[in-house]
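This report looks at two local arrangements, a pair of helices and a small group of strands. Please keep the sequence and the coordinates at hand while reading.

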Amino acid sequence: MGEKRLKAPGQVLSPLSALQISRVRPRFSLLMPLGLGRRKKAPPLVENEEAEPGRGGLGVGEPGPLGGGGAGGPHMGLPPPPPALRPRLVFHTQLAHGSPTGRIEGFTNVKELYGKIAEAFRLPAAEVMFCTLNTHKVDMDKLLGGQIGLEDFIFAHVKGQRKEVEVFKSEEALGLTITDNGAGYAFIKRIKEGSVIDHIQLISVGDMIEAINGQSLLGCRHYEVARLLKELPRGRTFTLKLTEPRKAFDMIGVRSGGGRPGSGPQLGTGRGTLRLRSRGPATVEDVPSAFEEKAIEKVDDLLESYMGIRDTELAATMVELGKDKRNPDELAEALDERLGDFAFPDEFVFDVWGAIGDAKVGRF
């Protein structure tokens, strides 16, 4: 009790009060999870909401942003209502390279969404690479992540030309930011200007990374792909097997550099959002508050800085886990319990804690 945490060599800490730092328990390794206790997360309340008549199915007792319960919400422990009483949400969709408009509904996560799109256009679900909201272009600022505005239009990008590229790793950093579609495909979200990859015209934003040196990456998460690219030895040549999204006529010849840093996640333009979760049911929520949007943006920037990935759904989950935590130790325990596979280093956890705290007090 009362012990102060020592700063590890090279470690950068976000601004913290002496009291907050003193409450962090000492640990043996930067990769060990902070704390030993576990806090059980309350089950989502939204799954018990009943639909009211009218477009969108939003009720007066909707939960607050990021899963908080609103006035009139149901009591914890009640079983979810039958499907007939849940909100019926219908979204319009097209194939990004051109198609008639389809209508989809009844999905609870991204993988099911791709399946519904495939059914609507009679194509294999594996052909769907990713989706953008309200634009048919490969615009990474409009990439569908874990949130869909209730009035958003979904454009599905399907597999196009396959290509194989040899890359000489002349520098440690290749200049790539990786994301994934939530269903087993990792692809390029950003290419840093002037980087190794920026000089290779065959590689573009939106390209799916199928394999590195013959090793299949299908089913891998973005952080796994980013780690493999980082571990490739400098001064050697490696091979990337890529698939680019099929392009409409007005997109041919365009090579985008991806979203600009700090542009912020696009969480929907409708009156509310449908939040898709990898675990548990999809939930209808209010549009995120200014605090939540800024916190998600800051955490997403930290994910890119530390891990070479961007993922607004992951960032939103981290903000949800951290917004009510009293100190970095509690945040680390929550991250370890929910997102232990990422093995977040201590300095990253401290920076996430600082970013959420800054957003809370309006330090944007």
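## Helix packing and strand pairing

In this predicted model, the axes of helix H5 (residues 312-322) and helix H6 (residues 328-339) approach to within 9 Å and cross at roughly 135°. Angles over 145 degrees would count as roughly antiparallel and those of 65 to 115 as roughly perpendicular, so H5 and H6 are oblique to each other. The handedness of the crossing between H5 and H6 is right-handed. On the H5 side the contact is made by Leu314, Thr317, Met318, Leu321 and Gly322, while H6 contributes Leu331, Ala334, Leu335, Arg338 and Leu339. By residue class, this contact of H5 with H6 comprises seven nonpolar residues, two polar ones and one charged one.

The strand group can be described from E8 (residues 208-212), a mostly covered strand in which five of the five residues are buried. Its pairings with E10 and E9 are set out below.

| Partner of E8 | Residues | Bridges | Direction | Opposite pair |
|---|---|---|---|---|
| E10 | residues 237-245 | four | antiparallel | Ile212 and Leu240 |
| E9 | residues 215-216 | two | antiparallel | Ala211 and Ser216 |

How many residues lie between E8 and E9 in the hairpin that they form? Two residues separate these strands, and Asn213, which belongs to the turn, has a positive phi of about 50°. Strand E8 thus carries Ala211, which stands opposite Ser216 in E9, and also Ile212, which stands opposite Leu240 in E10.

Note on methods: Residues numbered from 1 in each chain as written. Predicted model: local features only at pLDDT ≥ 70, side-chain atom pairs only at ≥ 80, totals over all residues. Heavy atoms only, no water. Buried < 20%, exposed > 50% of the residue type's maximum accessible area, 1.4 Å probe, protein only. Pairing = 2+ DSSP bridges. Axes fitted to C-alpha atoms, helices over the stretch in contact; angles between N-to-C directions. Parallel < 35°, antiparallel > 145°, perpendicular 65-115°, else oblique. Left-handed = near helix turned anticlockwise from the far one by under 90°. Contact = heavy atoms within 4.5 Å. Nonpolar A, V, L, I, M, F, W, Y, C, P; charged D, E, K, R; others polar.
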